[in-house]
Amino acid sequence: MKPMTRSKGTLIIFILVIVVVAWVTNPGMESFKTHFSKTADPKSPPIIQQVDYKFYSIYNVTYYEAKQIPQQTADGQPATIAVPGKTEKYVGLFTRFIKL
């Protein structure tokens, strides 16, 4: 078996350092909510779902719209329901968020 060359060893160490840095700097839900509140101005509060993959996170943001339906409520007001609108996807990696 041949010994590992210096360049291969350096490459392996570099990859391990990148993986450890990604794991340590994986942003959480509170970081995303802070980022999202600065960049977005939704009309109603969206639903945010997080999928955590240890090295990066994926966030699905679903906006809802109020729609009136032909029925009326008991007091005679038009009935309104919440309907899912658009969905946005973000990736959190190295404390940054990228909109996909």
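In which strand is the place of P78? In this predicted model, P78 belongs to strand β3, which comprises residues 78-93, and the setting of that strand is best described after the chain as a whole.

The secondary structure of the protein chain amounts to two helices and four strands, and, read from the N terminus, these elements follow the order α-α-β-β-β-β. The chain is more spread out than a compact globule, because its radius of gyration is 22 Å, whereas the globule rule gives 13 Å for 100 residues. Taken along the principal axes, the box filled by the C-alpha atoms is roughly 85 × 30 × 20 Å. Of the 100 residues, 21% count as buried, and the accessible surface comes to about 8,000 Å², with 62% of this area belonging to carbon and sulfur atoms. With regard to contacts between residues at least 6 apart in sequence, 47% join residues that are at least 24 apart. As for charge, the protein chain carries 12 positive and 6 negative side chains, and the centres of the two sets are separated by 19 Å.

Within this arrangement, N26 is placed in the loop between α1 (6-24) and α2 (29-39). N26 counts as buried, because its relative accessibility is 17% and the cut-off for burial is under 20%. When neighbours within four places in sequence are left aside, the contacts of N26 are with D52, K54, F55, Y56, S57 and G92. One of these residues, K54, also takes part through its backbone oxygen, which the side chain of N26 reaches at 3.3 Å.

Turning to the strands, Q71 is located in strand β2, which spans residues 57-72. At 55% relative accessibility, Q71 counts as exposed, whereas P78, at 41%, counts as partly exposed. Apart from neighbours within four places in sequence, Q71 is in contact with P78 and A79, so that a residue of β2 is joined by contact to P78 of β3.

Separations in space were also computed for these two strand residues. The C-alpha atoms of P78 and I58 lie 38 Å apart, with their positions 20 residues apart in sequence as the separation along the chain. For Q71 and L11, which are 60 residues apart along the chain, the C-alpha atoms are separated by 66 Å.

Key: Residues numbered from 1 in each chain as written. Predicted model: local features only at pLDDT ≥ 70, side-chain atom pairs only at ≥ 80, totals over all residues. Heavy atoms only, no water. Rg over C-alpha atoms; globule rule 2.2 N^0.38 Å. Buried < 20%, exposed > 50% of the residue type's maximum accessible area, 1.4 Å probe, protein only. Contact = heavy atoms within 4.5 Å. Areas by Shrake-Rupley, 256 points an atom, 1.4 Å probe, with all protein chains shown as cover. Lys, Arg positive; Asp, Glu negative; His and termini not counted. Charge placed at Lys NZ, Arg CZ, Asp CG, Glu CD. Polar contact = N/O pair within 3.5 Å; in protein donor to acceptor, adjacent residues only side chain to side chain.
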